[in-house]
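Here are some friendly exercises, each with a worked solution. Take a look at the model first, then work through them at your own pace.

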Amino acid sequence: MAPNLECRMYETKYPEVDMAVMIQLSRRRIRSVSSLIKVGRIEPVMVLRVDKEKGYIDLSKRRVSEEDIQACEERYNKSKLVHSIMRHVAETLDIDLEELYVHIGWPLYRKYGHAFEAFKIIVTDPDSVLDALTREVKESGPDGQEVTKVVPAVSEEVKDALVKNIRRRMTPQPLKIRADIEMRCFQFDGVLHIKEAMRKAEACWK
């Protein structure tokens, strides 16, 4: 059976009121909004009301400020990168994506504010982040009674795949910077003075 690779990015099923979120409009259950937003386009909106029983969310495009838009887009782009990495790991290891989120993704969101911040640490120090994650499993004890046991949330196989993908996608690339400079000295033995200045400048970078 193929793994389920569909899963929401955030733990809560519904957003909070007065939260700016990114949405993508579909043609289902939508009436007369083509003048505000195009189908398929991703837009930042403000959450006005949430009806969890009926599954309805009232949204406003006008109430989103420029600051809200910038923060929302930044959060969404980070979440999209995290989701891409998590989905690739789930697909590679043939496991459900939601299982990865339950044991890894959402706990990192809670602990670090955003899983993206945890992933940045994993690039250089994966053990400090991933080894701290645990989960509870229920087992039968010697007397037949059910007991709860705390075990690592991340297996070595998942850890290796996750770290490999995070480092491949998030390791900063080295940049080479080159500049041309012109130096002049009008004193006697100016060349010697320039050489001395260059040596001192070079020493400052070591």
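**Exercise 1.** Decide whether K120 is buried, partly exposed or exposed.

*Solution.* Start with the cut-offs: buried means under 20% relative accessible area, exposed means over 50%, and partly exposed lies in between (1.4 Å probe, protein chains only). K120 has 43% relative accessibility, so K120 counts as partly exposed.

A word on the source: this is a predicted model, where local features need pLDDT of at least 70 and side-chain atom pairs count only at pLDDT 80 or more, while totals for chains, interfaces and linings use all residues. Residues are numbered from 1 along each chain as its sequence is written, and side-chain values use heavy atoms, leaving out hydrogens and water.

**Exercise 2.** Find which residue forms a salt bridge with K120, and how far apart the two lie in helix α3.

*Solution.* First, recall that a salt bridge is a side-chain nitrogen of Lys or Arg within 4 Å of a carboxyl oxygen of Asp or Glu. The partner is E117, with the closest N and O atoms 3.1 Å apart. Next, K120 and E117 are three residues apart in helix α3, so about one helical turn separates them. Helices here are DSSP runs (H or I, at least four residues), numbered from the N terminus.

**Exercise 3.** Trace which residues the network of shared salt-bridge partners joins.

*Solution.* E117 also forms a salt bridge with K78, the closest N and O atoms being 3.1 Å apart. E117 lies in helix α3 (residues 115–122) and K78 in helix α1, so this pair ties together parts 39 residues apart in sequence. Finally, shared partners join E74, K78, E117 and K120 into one network.
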